[in-house]
Amino acid sequence: MSVHRPGSDRPVRPRPLAVLVTTLLTALSLTLPLTAARAATTPSRGSAHMGMGVLAHDGGHGSPAPAAVAQTEGVDVSAYQGNVAWPALWSSGVRWAYTKATEGTYYTNPYFAQQYNGSYDVGMIRGSYHFATPDTTSGAAQASYFVSHGGGWSKDGKTLPGALDIEWNPYGAACYGRTASQLVGWIADFITTYKSLTGRYPVIYTATSWWTQCTGNYGGFAANSPLWIARYASDPGTLPAGWPYYTMWQYTSSGPAVGDHDTFNGAIDRVQALANG
């Protein structure tokens, strides 16, 4: 609409540049809160841990039902737990543990020594795990980084093979911006390199829903890598293709003392057998 200045018969029209600037500033003011909110909900690199996305994607569906075979209680920990009271966990019946060692090729757990050695010192059979980030570096590079920073294995009867934690991407797209075939190739690259460096195949930790969505439910790793399934429910549910049974099951993130509790599908002698290879 034209505007008249007092004492003038000439209309003053809005300046096109001023209108454009006003429009841009208005749009920016609307998008900034959304951008800030998105940034606030994205965790910092290195903070990922086992089961980080399980509740959000699969939910929780009750406590584990009694199993047909003996089960051995375990825990998994990361920097999120800080210094862990291992004697208390031992007294509660926990007999094995996995500690996060690395993530990508850019992060090592600052609490690794206390957690990894502390579990061993109280008598637990222990191992370490690597949080995979297939969008940053190759599987081979991450396997090498893992082995160099606590992910190795020795046949001492107390050290479990390293575990590859491959699940929802907490920093972006669920499948890390990779196709199913690309992710299968990345995992194969990690496994091959880890085996060549340690003599052992790594355990694979994942959730069936992620594995189905992001690898196309590939079944080719089951022959060599034990399965560690994540599902917070009364049973582990349908397993990924190829695995007829689970070796370990992360069944809750809200257990006593340390949140992430797991069960090994067998008595303590089976845990020792996996440690010995």
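## Exposure classes and Tyr120

Buried means under 20% relative accessible area, exposed means over 50%, and partly exposed covers what lies in between. Tyr120 has a relative accessible area of 32%, so Tyr120 is partly exposed. The model behind this value is predicted.

Tyr120 sits in helix H4. Leaving aside neighbours within four places in sequence, Tyr120 is in contact with Arg126, Asp156 and Lys158. Trp86 is 34 residues away from Tyr120 along the chain. The C-alpha atoms of Tyr120 and Trp86 are separated by 9.1 Å.

## Overall composition

The protein has 277 residues, and 44% of them count as buried. Its secondary structure comes to eight helices and 13 strands.

Now the contacts along the chain. Take those in the protein with a separation of 6 or more. Residues 24 or more positions apart account for 68% of these contacts.

## Nonpolar cores

In soluble globular proteins, nonpolar side chains tend to be buried together. Here, the largest nonpolar core has 53 residues. Trp96, Tyr98, Ile187 and Trp228 have the most contacts inside this core. Helix H6 supplies the largest share of the core, seven residues.

Another core lies apart from it. This other core has nine residues, among them Val77, Trp86, Ala97 and Val258.

## Gln115 in helix H4

Helix H4 spans residues 112–121 and includes Gln115. Is Gln115 buried or exposed? Its relative accessibility is 0%, so Gln115 counts as buried.

Residues up to four places away in sequence are not counted in the contacts of Gln115. Gln115 then touches Val77, Ser78, Ala79, Gln81 and Gly82. Gln115 also touches Val84, Trp86, Thr99 and Asn109. Two of these partners, Val77 and Trp86, belong to the core of nine residues.

## Helix H6 against H5

Helix H5 covers residues 139–148, and helix H6 covers residues 180–198. They pack at an angle of about 40 degrees. Their axes are 7 Å apart. The crossing of H5 and H6 is right-handed.

From H5, the contact uses Gly139, Ala140, Gln142, Ala143, Ser144, Phe146 and Val147. From H6, it uses Trp186, Asp189, Phe190, Thr193, Tyr194, Leu197 and Thr198. By class, the contact of H5 with H6 has eight nonpolar, five polar and one charged residues.

## Helix H6 against H7

H6 also packs on helix H7, residues 208–215. The angle is about 115 degrees, and the axes are 7 Å apart. Angles of 65 to 115 degrees count as roughly perpendicular. The angle therefore makes H6 roughly perpendicular to H7.

H6 contributes Ala180, Leu183, Val184 and Ile187 to this contact. H7 contributes Trp210, Trp211, Cys214 and Thr215. By class, the contact of H6 with H7 has seven nonpolar, one polar and no charged residues. Ile187 is also among the residues with the most contacts inside the largest nonpolar core.

## Positive phi outside glycine

Tyr176 is not a glycine, yet its phi is positive, near 65 degrees. Tyr176 lies in the loop between strand S8 (163–165) and H6. Its relative accessibility is 4%, so Tyr176 counts as buried.

Ala257 is not a glycine either, and has a positive phi of about 65 degrees. Its loop runs between strand S12 (248–252) and strand S13 (261–264). Why does Ala257 count as exposed? Because its relative accessibility is 75%, and exposed means over 50%.

## Two loop alanines

Ala207 is in the loop between strand S9 (203–206) and H7. Its relative accessible area is 1%, so Ala207 is buried. Not counting residues up to four places away in sequence, Ala207 touches Asp58, Trp168, Ile229 and Ala230. Ala207 and Gly53 are 154 residues apart in sequence. In space they are 9.4 Å apart, C-alpha to C-alpha.

Ala267 is in the loop between S13 and helix H8 (268–276). Ala267 has a relative accessible area of 29%, so it is partly exposed. Gln71 is 196 residues away from Ala267 in sequence, but the two are 5.6 Å apart in space, C-alpha to C-alpha. Ala267 touches Ala70 and Thr72, again not counting residues up to four places away in sequence.

Methods. Residues are numbered from 1 along each chain as its sequence is written. This is a predicted model: local features need pLDDT of at least 70, side-chain atom pairs count only at pLDDT 80 or more; totals for chains, interfaces and linings use all residues. Side-chain values use heavy atoms; hydrogens and water are left out. Axes are lines fitted to C-alpha atoms, for helices over the stretch in contact, and angles run from 0 to 180 degrees between N-to-C directions. Helices (H or I, at least four residues) and strands (E, at least two) are DSSP runs, numbered from the N terminus. A crossing is left-handed if the near helix is turned anticlockwise from the far one by less than a right angle, and right-handed if clockwise. Contact means heavy atoms within 4.5 Å. Ala, Val, Leu, Ile, Met, Phe, Trp, Tyr, Cys and Pro count as nonpolar, Asp, Glu, Lys and Arg as charged, and the others, Gly among them, as polar. A nonpolar core is a set of buried Ala, Val, Leu, Ile, Met, Phe, Trp, Tyr and Cys residues joined through side-chain atoms within 4.5 Å. Buried means under 20% relative accessible area, exposed over 50%, partly exposed in between (1.4 Å probe, protein chains only). Angles under 35 degrees count as roughly parallel, over 145 as roughly antiparallel, 65 to 115 as roughly perpendicular and the rest as oblique.
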